[in-house]
Amino acid sequence: DNYNQLKMAENKLLNGKVRKQAAPLVDAKGILISQLLPDKSLDSLWESIFIPSAQKDQLLSQAVLNFTLRPKVDRAKVPLHGVILLVGSPGTGKTSLARGLASRTADSLKSSLGDFAYVEVEPHALASSSLGRSQKAVQELLGQTISELAGQHPLIVLLDEVETLAADRTRMSLEANPIDVHRATDAVLAQLDHLAEKHSKLLFIATSNFPEAIDQAFMSRADLILTIALPEQPARKTIFKDTLEELAKPFHKITSLITDTNLEKLAKLSDGLDGRRIRKAVISACAFDKHTALDLNRLNITDLEKAVSQAGRANQRNGMK
C-alpha cells in the first residue's frame, strides 16, 4: 500500500542521498536492502550520530563480542541471543547508528571472518490482515531466507521498528487485534531462539521508538538494550557544526558562520530538539528567503536562530498534544 511504499523510500534515503547499491545478495519478501559489508557510506552514518563516546564503544564492543564469544561457549550457560536493541525518541539517530554499527563491526572483524552480509528487514511488508499470513511470512523470512544467508556469511540483520514484528502480547486483546498478530510475535520469538542455536555468527540490531510496545519476551532476549537520548548541549553544538560544514563545502561563505559564539547560541536555543530536527532547522533557515535559497552563501545567523526557535516552538506544541 501507499504507506509501505513511502516507508521503504524513506528507509532508502541516507542523509538525503540514495545509497548506490550493487546487486542485492538476496531478493525476498520483507528484505529492503541486502549487501556486503564493510561499506564506507554506512561508516559515514556512524560518524554523523553524536552520542557519548562510551555508548559507541559499548555498542561496538557488544557487537564484536557476539562474533568472538558465541561460537566458543555453551548457550545454556552463557545465554547470548545475538540481539542488540536501540530505543529512544524519533530522530535520535537509532537507525543510522545501527547501520553504521553494522559496518564498523564488519570492518573490525574483516581480517578474521572476511566480508559480512547485511540485511535490512522491512517489517511492514510482512504484516497482513489475512489469517496466518504474517506468521507464515515471518517464518519464511527468518527460518529460511535469513537462516540460509547466515549459513553463507557472517550476517548482521537490522530490524527497524521491531515493535511491528514483536508486539507486546499482554497489551493486545483478541477482540481488538487479530490472532495473526499474536502468532506473528510467537513466530519471531521461536525463530530467534532457533537462529541463536543454529548460527553463532549472526547478529540482530533492532530499533524502536516505542519500547513499551515491544513484547517482554523479546526484550529478555536482547543481549544489550541501549537508550539513545536527546542530544545534550555539547552534542547539539557539534551537530550544528557538522551540518554547516557540509553546507560550506559548495557554499564557502557559510564557513564564516561556524564560530564558537554562533554555535553556542544555536546549541542553547535548540534544547529539547533531536539531531534530525536540528539538521532540518538548518535547512529551514536556508528557505526563509528566495535569494538565500538561490545562493546559500547568503545564509546568516539571524535566520538560523529564527529557524531553531521555530523548530523549538513546534516541538513544544507537539509535546503538549
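Reader: I'm starting at Gln233. Which residue's side chain does the side chain of Gln233 meet in a polar contact of 3.2 Å?
Author: Keep in mind that this is a predicted model. Leaving aside residues up to four places away in sequence, Gln233 touches Glu264, Ala267 and Lys268. The polar contact of 3.2 Å runs from the side chain of Gln233 to that of Glu264.

Reader: Where does Gln233 sit, and how far is its C-alpha from that of Ala267?
Author: Gln233 belongs to helix α8, residues 233-248. Along the sequence, Gln233 and Ala267 are 34 residues apart. In space, C-alpha to C-alpha, the gap between Gln233 and Ala267 is 5.5 Å.

Reader: Is Gln233 buried, partly exposed or exposed?
Author: Buried would need under 20% relative accessible area, and exposed over 50%. Gln233 has 28% relative accessibility, so this residue counts as partly exposed.

Reader: Okay, zooming out: what does the secondary structure come to, and what percentage of the residues count as buried?
Author: The secondary structure comes to twelve helices and eight strands. The protein has 321 residues, and the part of them that counts as buried is 48%.

Reader: What share of the contacts with a separation of 6 or more comes from residues 24 or more positions apart?
Author: Thr92 gives a nice example of a long separation: Thr92 and Ile228 are 136 residues apart along the chain, with C-alpha atoms separated by 6.5 Å. Across the protein, among contacts with a separation of 6 or more, residues 24 or more positions apart account for 79%.

Reader: Let's stay with Thr92. Is Thr92 buried or exposed?
Author: Thr92 is found in the loop between β4 and α4 (94-113). Apart from residues up to four places away in sequence, Thr92 touches Ile49, Ile228, Ala229, Leu230 and Asp274. Its relative accessibility is 7%, and because the cut-off is under 20%, Thr92 counts as buried.

Reader: Which side chain makes a polar contact of 3.5 Å with the side chain of Thr92?
Author: Thr92 sits in the loop that leads to α4 (94-113). The partner in this 3.5 Å side-chain contact is Lys94.

Reader: How many aromatic pairs turn up, and which way do the rings face?
Author: A search of the whole structure finds one aromatic pair. The rings of Phe67 and Phe116 have centres 5.0 Å apart. Their planes are at 75°, and over 60 counts as edge-to-face. So the pair of Phe67 and Phe116 is edge-to-face.

Reader: Which parts of the chain does that pair tie together?
Author: Both residues are buried: Phe67 has a relative accessible area of 4%, and Phe116 has 0%. Phe67 lies in residues 53-69 and Phe116 in residues 116-121, so the pair ties together parts 49 residues apart in sequence. Those parts are helix α3 and strand β5.

Reader: Which element gives the largest share of the largest nonpolar core?
Author: This core has 34 residues, and those with the most contacts inside it are Leu85, Ile146, Leu155, Val157, Phe204 and Phe218. Elements that give two or more residues to it include β4 (83-87), β6 and β7 (202-208). The largest share, seven residues, comes from α5.

Reader: How many residues does the second, separate core have?
Author: Ile49, Ile84, Ala106 and Tyr118 are included in it. This second core comes to 26 residues.

Reader: Which lysine lies over the face of Phe288?
Author: There is a charge over the ring of Trp46 too: the charged end of Lys56, 5.0 Å from the ring centre. Over the face of Phe288, at 4.3 Å from the ring centre, lies Lys306.

Reader: Which two residues does a cis peptide bond join?
Author: Most peptide bonds are trans. Here omega is about 5° for a cis bond. Pro38, in the loop between β3 (31-37) and α2 (40-48), is on one side of it. The cis bond joins Leu37 and Pro38.

Reader: Last stop, the loop between β6 and α6: what is phi of Glu161 near?
Author: Most residues other than glycine have a negative phi. Glu161 is found in that loop and counts as buried at 15% relative accessibility. Asp160 is in the loop too, and its side chain makes a polar contact of 2.2 Å with that of Thr207. Phi of Glu161 is positive, near 50°.

Terms used. Residues numbered from 1 in each chain as written. Predicted model: local features only at pLDDT ≥ 70, side-chain atom pairs only at ≥ 80, totals over all residues. Heavy atoms only, no water. Helix = DSSP H or I, 4+ residues; strand = E, 2+ residues; numbered from the N terminus. Buried < 20%, exposed > 50% of the residue type's maximum accessible area, 1.4 Å probe, protein only. Contact = heavy atoms within 4.5 Å. Polar contact = N/O pair within 3.5 Å; in protein donor to acceptor, adjacent residues only side chain to side chain. Phe/Tyr/Trp six-rings, centres within 6.5 Å; stacked < 30°, edge-to-face > 60°. Lys NZ or Arg CZ within 6 Å of the ring centre and 35° of its normal. Core = buried A, V, L, I, M, F, W, Y, C linked by side-chain atoms within 4.5 Å.
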